[in-house]
Amino acid sequence: MFPSTGQGPKNVVQNARQAREERALQKKQEVAILKIQALVRGFLSRRKFCRSWMDDIDIIIGYKEEKPYNVSKTKHNSSNTNIVSTSKLAVDNKMTQEWQFKSFSSSTLTGTYGNLSLNQTKNIQDANPNKNETSADQATSDKINSAQTSSVKTENSENISIELAITPKVLNGTEIFNVTKQLLFIFKLERDKWRFEKLCKIILDNSNSDKNIKSSYCSLCVSKQFALPWIQQVKNLLKICCQYLVVLNPQEHHSSRLINICLNMMLLFTDASEWKISKKQPALKVILSQISNNISLDLLNHSSMQILGSLLNKKVASMQTQHNEPMLLAAFTMATRPLITSGVKDDNLVIFVKYILSVPALISNKTIPHGVSVLIKNQILHRILSLLHGEGQCIAYKMFEKRHNSSNTAIDVLCTVANLGQLAVLDKNALEGNYMQFVSLINQLLDYLVQCSCQQNASSSTTWHPVLGFFKSSENAQNQSMRFVKIQLESYWNPALLRAVFRDVLTLESLHSDDVTPTQAEQLATKVVQKAKLSDRVSSYLKKFSMSKSRVAYKPTGGRKLEYAEVKNTMSTCLMLRKLLSVITKQLQLEMLTGLTFMDEVLCRLWRFICELGSSGGLKLFLSALTLPPDVAEPYFAVFTLFCDMTAHILSILDDIEFYEEQIPFHLEELVTISESLKTFVFRIIWEHKLSNPDHQMYGVFESALTLLLMLYDRDARRPFTPIGHWICRDVKMSTIWSEIEKSSTRGLTVIDKIPFVIPHKDRVVLFRSFVATEKNAYYDEIPSHITVHRSRLLEDGFEQLSAMQNIMLKGTIRVKFINDLGLDEAGIDQDGVFKEFLEEIIKKVFNPDMNLFRITTEEDGKLYPSPSSYLQDDHLRLFNFVGRMLGKAVYEGIVVDVPFATFFLRHLQQQHSLLYSPLDELPSLDAEFYKNLTWIKRYEGDISDLDLTFTYEEDVMGRLETRELEPGGAAIPVTNQNRITYIHKLAHYRLHTQIKEQTRAFIAGFRSIVNKQWTSMFSAPELQRLISGDNVDLDLSDLKKNVTYYGGFHSSHRVVKWLWDILEKDYTPQQRSAFLKFVTSCSRPPILGFTHLQPTFSIRCVEVSDDDDTGDSVGTVLRGFFRISTKKQSGQKHRLPTASTCFNLLKLPNYPSKDILRDKLKQAIANNTGFELS
């Protein structure tokens, strides 16, 4: 049946199948080859066709690519090169016929920008319906034009790029449409950038031309033949414009030129009123407006608003000044036009807020005045507030998602807050009608900013931001526009905005009666004060406070329930301002607080609102808020902290007349009430462990309350206005507080660190002495250090030996041996008394004004402060360090020394100056007359510039006047009404700080090497003076009697001793008793803790002979003194004067026969031996 080939049926089938597969594979290969060939032929044909078209388009639009020109090889004529241009509108028919897509059997190209038939390329000119009308124009433009040859030199000065510009023929609308169609068909973004620019110029020139509207490109929109293709073509052109706006950099000149052209194209086609056909045929305005609106809305679909926002960010970031920039105005107009055209839809409005209003400092009359007026006219702010004011709306609309044109969303939110604030000030109607919606929206934005901002110390992950302080690194943080954002933020303390958001506080009727007059104000007021003119006593900027202040002192009464609308509105407003304060820098905080504080009656009305808040009113409400959840308590504490911050700020600039006599902004009774509540509030936060974590949200509330509390305490410590015992804590037993301190618990130590004044002064002195005793027991042994000093070289020897001594040795026991004028050792053993004498003598010498280390203030009682001219002394800074160590040693050992320091210098010694510390407050303690002159400048009603003052100070140095600048370039800065407050504060700071900065630093360093800073921080400046020099009270004779030691036969019942106590108690005045104490102990003030703590113990000894013959007590002298037996030698001395050994606090008293003799001799001795006097 089968041939005898040896193939079976199975093999035949396999071979047939294999042959079919091979033929199928071969056929596929042939088809693939044909496709590849077709693709290659198509590519080559399209490239050839595109090149041809590009050449034709270049001729039509007058463009030629830049070509490199080598100067070293070719010489060229620098004059203009004329290039003949023929207006070639028709495409070569031969080229068109040769160009075929044989593989696809089609003569139509399909591209991104629509279909183009080959028949359309035969003769573009034939398709022009206005050929006859424009022939005259064409004939004119057919003339040969010359083009300028421009060159740009490269870095190696060899290659020059020359742009051969061919002047294009003036085209009519149809010709522009066709050439645009060609360009769009072959268009590539990077390659055809300058072709596109040339084409856009032609379109813009055509639109601006005054020729026949039939030749206008825009008139094609009403042509039946071109309307729909023209609209699509314009949309494609604007789409390309958006693409260029994304990639171009406005800081580059060439890019800036194309950006302006793109923006002008967008402005042209989205506003039909600019078209010639609209101007000359008003009947078509409605139709044309619909067309332009359609084009405008199409831009939104291509993310035009996001693109324009990115462009605005780039442009604003490079601006040096805030002038009217055409590019900014054009971009902003193009951002708002589609928004308004769309009817301000919600989604578009959110995009506008997110991408446009986040541009730094965009909303400004200086930048885009017309643009702002458009926003106001179309009520954009009102629509924004209506849409986004609801709680959580910003999150719902994804306002905080990262923008594609920004590296840091927090910076964008900050700029949005700034722009909305300025827009609110400009659009007053929208703000007044929607002020609570405005507050709600800003609160949402600030919530996000508070979460993102990192007010922290400098680190590798942060950078300094001019508004937010240390902030996470971002590109936007460093651009130059942030200084304009700072100016914008001033809108939030603009009077117009504050009046709107505080409307409820400013317009509410008071619940207080006006029939109560402040009692303390009456006590402090005098007839002279009442007759004085307001302008003579109050600075001009404080007159509003003085005139608007209520004549009654508000007291907590309550009456406004927390559910009332005005209460909730005020809390939301305070919350907004408090959040803003928490995210900006310290300098901006001060500026903001200044604006808030001096805004009419806001502060006074806010205090009245607090007094009427809740059931009982006053700050007690905030004490109860401590138990509430944090999110519930936040609005209450916002009112509280804002009030504290504003009050602390105003107190920092008030002088004593304004504070105590005029009582601005509060009556003294009100301040007593405020300080009492603040003391309780701060103590409870500490005692109830509310500050366990520094990042806790209560920490900011605590800091605000503590700052105001300390300012009131400092005022009261300097010049009391509170009742005695006002600052002592009564909420917790003192024994409980003392127990916590002894256990070194956190809350006990925090009380000592933050508010030590709640503990009685004597208890703090006991605590100080216990700190010293604990340190002595822990670190120092009983091995004393020995020094030897000559009487004639006391200061020099002491300085040389003690300066070289280590601090740990100086804190221990020091034994002193004196060498007299003959070079012999003085007899006696130092048991602390000799060292006390040495210390007293050293202090007398160094604080003597004749030595020029210290000077005396102009006060009547003359206080000491470092001499600005101490540099005339050799090694004066080491001397100051030595003096500081000696004073520290005296305080450390409990030795009281009569050295009265000026108050301002004691404040330096405490090192407790806060951010709101005012040097002007301390100036009277240095120079009362100088302070009076500065306050006169502060209150001067005329133009202060008439006085010809500058930011300088003339200092008398050795009889020669030298000018010191208060700030760099101060000699060229005149003092004006605007900067005079800065001037007087800088001048006061110079006198109190800068002038003696080096001396003060050296003195404090020496003092702190002996006495820890934490120990003295428990005391105010007057209390520190009492710690150094003893208590400034009358001598307590009963305490002295209990703690006196008698020698030489004297005892408490001895007649001479009784006469002595009787004379001191009945015959002596307090001043004479102080003189007696100084005669015996070298200090006129008793020890703070009483004579129990006087070292050495106060002693009285009966003596028979002079000091030179006195050999001490013996059995005979004691018996004679006890039994009042006089010797012949004693009788012959005619009742010698009493003497004293101040180093041992010892009074040497003869056994006088009568009380009168004792009185006279004691008075004479005190008068003749008063010791060192500062005067």
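Here are some exercises with worked solutions on the structure shown above.

This is a predicted model, where local features need pLDDT of at least 70, side-chain atom pairs count only at pLDDT 80 or more, and totals for chains, interfaces and linings use all residues. Residues are numbered from 1 along each chain as its sequence is written, and side-chain values use heavy atoms, with hydrogens and water left out.

**Exercise 1. Helix H18**

Find helix H18 and work out which of its residues are buried.

Step 1: Go to residues 435-452, the 18 residues of H18. Helices here are DSSP runs of H or I with at least four residues, strands are runs of E with at least two, and both are numbered from the N terminus.

Step 2: Check the span. From first C-alpha to last, H18 reaches 26 Å, close to the 26 Å expected at 1.5 Å a residue. That expected span is 1.5 Å times one less than the number of residues.

Step 3: Pick out the buried positions. Buried means under 20% relative accessible area, exposed means over 50%, and partly exposed is in between (1.4 Å probe, protein chains only). The buried residues of H18 include Tyr435, Met436, Phe438, Val439, Leu441 and Ile442.

Step 4: Keep the helix geometry in mind. An α-helix has 3.6 residues a turn, so residues three or four places apart point the same way.

**Exercise 2. A salt bridge from H18**

Which residue forms a salt bridge with Asp447?

Step 1: Recall the cut-off. A salt bridge is a side-chain nitrogen of Lys or Arg within 4 Å of a carboxyl oxygen of Asp or Glu.

Step 2: The partner is Lys579, with the closest N and O atoms 2.5 Å apart.

Step 3: Place both ends. Lys579 lies in helix H26 (residues 565-583) and Asp447 in helix H18, so the pair ties together parts that are 132 residues apart in sequence.

Step 4: Look at the cover. Lys579 is buried at 8% relative accessible area, while Asp447 is partly exposed at 31%.

**Exercise 3. More charged pairs**

Find the network of salt bridges that includes Arg191.

Step 1: The network links Asp58, Arg191, Asp192 and Arg195.

Step 2: Zoom in on one pair. The side chains of Arg191 and Asp192 meet at 2.9 Å, N to O. Arg191 is partly exposed, with 31% relative accessible area, but Asp192 is buried, with 0%.

Step 3: Now try another pair, Glu962 and Arg960, whose side chains meet in a salt bridge at 2.4 Å, N to O. Glu962 is buried at 19%, and Arg960 is partly exposed at 48%.

Step 4: Put these in context: a search of the whole structure finds 43 salt bridges.

**Exercise 4. Strands side by side**

Do strands S10 and S11 run parallel or antiparallel?

Step 1: Find S10 at residues 785-790; six bridges join S10 to S11, and the two run parallel. Two strands pair if DSSP finds at least two bridges between them.

Step 2: Spot one of the bridges: Val789 has Phe818 in S11 as its partner.

Step 3: Five of the six residues of S11 (residues 814-819) are buried, so S11 is largely enclosed by the rest of the structure.

Now, in what order do the strands of the four-stranded open sheet stand?

Step 1: The order is S16-S17-S19-S18, with mixed pairing.

Step 2: S16 (1045-1047) and S18 (1139-1141) are at the edges with a single partner strand each, so one side of each is left without a neighbour in the sheet.

Step 3: S16 pairs with S17 (residues 1099-1103) in the parallel sense over three bridges. In one of them, Tyr1047 has Arg1101 as its partner.

**Exercise 5. Unusual backbone spots**

Which peptide bond is cis, and where do you find positive phi values?

Step 1: Know the background. Most residues other than glycine have a negative phi, and most peptide bonds are trans.

Step 2: The bond from Ile664 to Pro665 is cis, with omega near -5°. Pro665 sits in the loop between helix H31 (656-661) and helix H32 (668-687).

Step 3: Ser303, not a glycine, has a positive phi of about 60°. Ser303 is in the loop between helix H9 (285-301) and helix H10 (304-317), and is partly exposed at 33%.

Step 4: Asn1145 has a positive phi too, near 50°. Asn1145 belongs to the loop between S18 and strand S19 (1146-1150) and is buried, with 0% relative accessible area.
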